[in-house]
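Student: I am new to this structure and would like a close look at a single part. Could you walk me through the salt bridges around the start of the chain?

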Amino acid sequence: MDIEDLRTFVEVADAGGVTSAALRLGISKSMVSRRLVRLEAELGVQLLARSTRGASLTEAGATFRDYAARVSAEIDVARETILPAGELRGRLRVAAPISFGPTHFAQVLAQMARRHPHLQIQTCYSDRFVDLIAEGYDCGIRVGTLQDSSLIARRVGPLYGNFVASPDYIKVHGSPETPEELVTHQALMQGTETWQVMDGDKIITVRPQGRFKADNGAALAVAAAAGLGIAALPDDLIKDYLDSGELVPVMKRHPPPPAGIYVVRPPGQHPARKVRVLTEMLIECFDHGPVLPR
């Protein structure tokens, strides 16, 4: 029984269809279909019920999926164990944010690819929430404050930020000084999130309101410079705006609490060595100071 056939079956089962699994694996749909047919012929049972809307597991497929996933994971561990020290093979799928991703994290991923020429690295840069488990990623790089989840997180560096607004906005609406005043202003947000502010050693949670939202920090910085409201953004993202005077800090006595840069991965006993290596490289790059290097 071919291990790649097993791995392909698990991807199709988790992705819910051949097309999505092919994208995850980086191979053609026809190759995925051939592997599935070969595996079903080997087992003598139908594992997937195929339709125009995707593929669903049969009763036999649902039972076999967990065994196939465990076998695939054990083979990966075995391969890592017998490889020469430091050498990585296989595929690493990473989800990273557009904000900082191409400008900061891409450098680390490129260096990892140089060090490990037999490792395939696929990175998705997006500021949308990526479901690592459902979409088949080995890990994700996330910035800010993590939400509660079943994912396992490792902090790889600090991230500091400020509340900022344009001089024109302050001239018209004033500059908030307290958390109570902050919630009366127009907030530029990524969604319906709450904001946290420091009050001495305490962290206070406020629920801002605003009419302008974007899922990208750079877009919020542009909106803040245009005078649309107050934004809470990482220092490195707003450095040029602060230097030029297009944005100025507000709420200086109540800044956002320090956040972080994290590697998150699906739950499991041990992270794959390729994820551990990426984590160590990110720590080496970002664990030395509050500002992300250019």
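Tutor: Happy to! A word on terms before we begin: the domain bounds used here come from an automatic or database domain assignment. Please also keep in mind that this is a predicted model.

That assignment divides the protein chain into domain 1 (3-82), domain 2 (90-158 + 260-288) and domain 3 (161-257). Between the C-alpha centres of domain 1 and domain 3 there are 47 Å. The part you asked about belongs to domain 1, which covers residues 3-82. UniProt, in an unreviewed entry, lists residues 1-58 as "domain: HTH lysR-type". That span is 62% helix and 14% strand, and its end C-alpha atoms are 20 Å apart.

Let's start with Asp5, which sits in helix α1 (residues 3-15). Is Asp5 buried or exposed? Its relative accessibility is 3%, and because buried means under 20%, Asp5 counts as buried. Apart from neighbours within four places in sequence, Asp5 touches Arg35, Arg38 and Leu39.

One of those contacts deserves a second look. Side chains of opposite charge can pair when their charged atoms come close. Asp5 and Arg38 form a salt bridge, with 2.7 Å between the closest N and O atoms. Asp5 is in helix α1 while Arg38 is in helix α3 (residues 29-43), so this pair ties together parts that are 33 residues apart in sequence. The two partners can be described separately: Asp5 is buried at 3%, whereas Arg38 is partly exposed at 45% relative accessibility.

Now follow helix α1 along to Asp14. The side chains of Asp14 and Arg65 meet in a salt bridge, at 2.9 Å from N to O. Here distant parts of the chain are linked, since Arg65 lies in helix α4 (residues 59-82) and Asp14 in helix α1, 51 residues apart. Arg65 has 22% relative accessibility and counts as partly exposed; Asp14, with 33%, is partly exposed too.

Arg65 has another partner to show you. Its side chain also meets that of Asp66 in a salt bridge, this one at 3.1 Å from N to O. Asp66 is partly exposed, with a relative accessibility of 40%. Through salt bridges that share partners, Asp14, Arg65 and Asp66 become one network.

To place all this in the whole model, the structure holds eight salt bridges. Among them are the pair Asp5 and Arg38, the pair Arg65 and Asp14, and the pair Arg65 and Asp66.

Definitions and conventions:
Residues are numbered from 1 along each chain as its sequence is written. This is a predicted model: local features need pLDDT of at least 70, side-chain atom pairs count only at pLDDT 80 or more; totals for chains, interfaces and linings use all residues. Side-chain values use heavy atoms; hydrogens and water are left out. UniProt positions are given in the numbering used here, feature names are shortened, and annotations may be inferred rather than shown by experiment. Helices (H or I, at least four residues) and strands (E, at least two) are DSSP runs, numbered from the N terminus. Buried means under 20% relative accessible area, exposed over 50%, partly exposed in between (1.4 Å probe, protein chains only). Contact means heavy atoms within 4.5 Å. A salt bridge is a side-chain nitrogen of Lys or Arg within 4 Å of a carboxyl oxygen of Asp or Glu.
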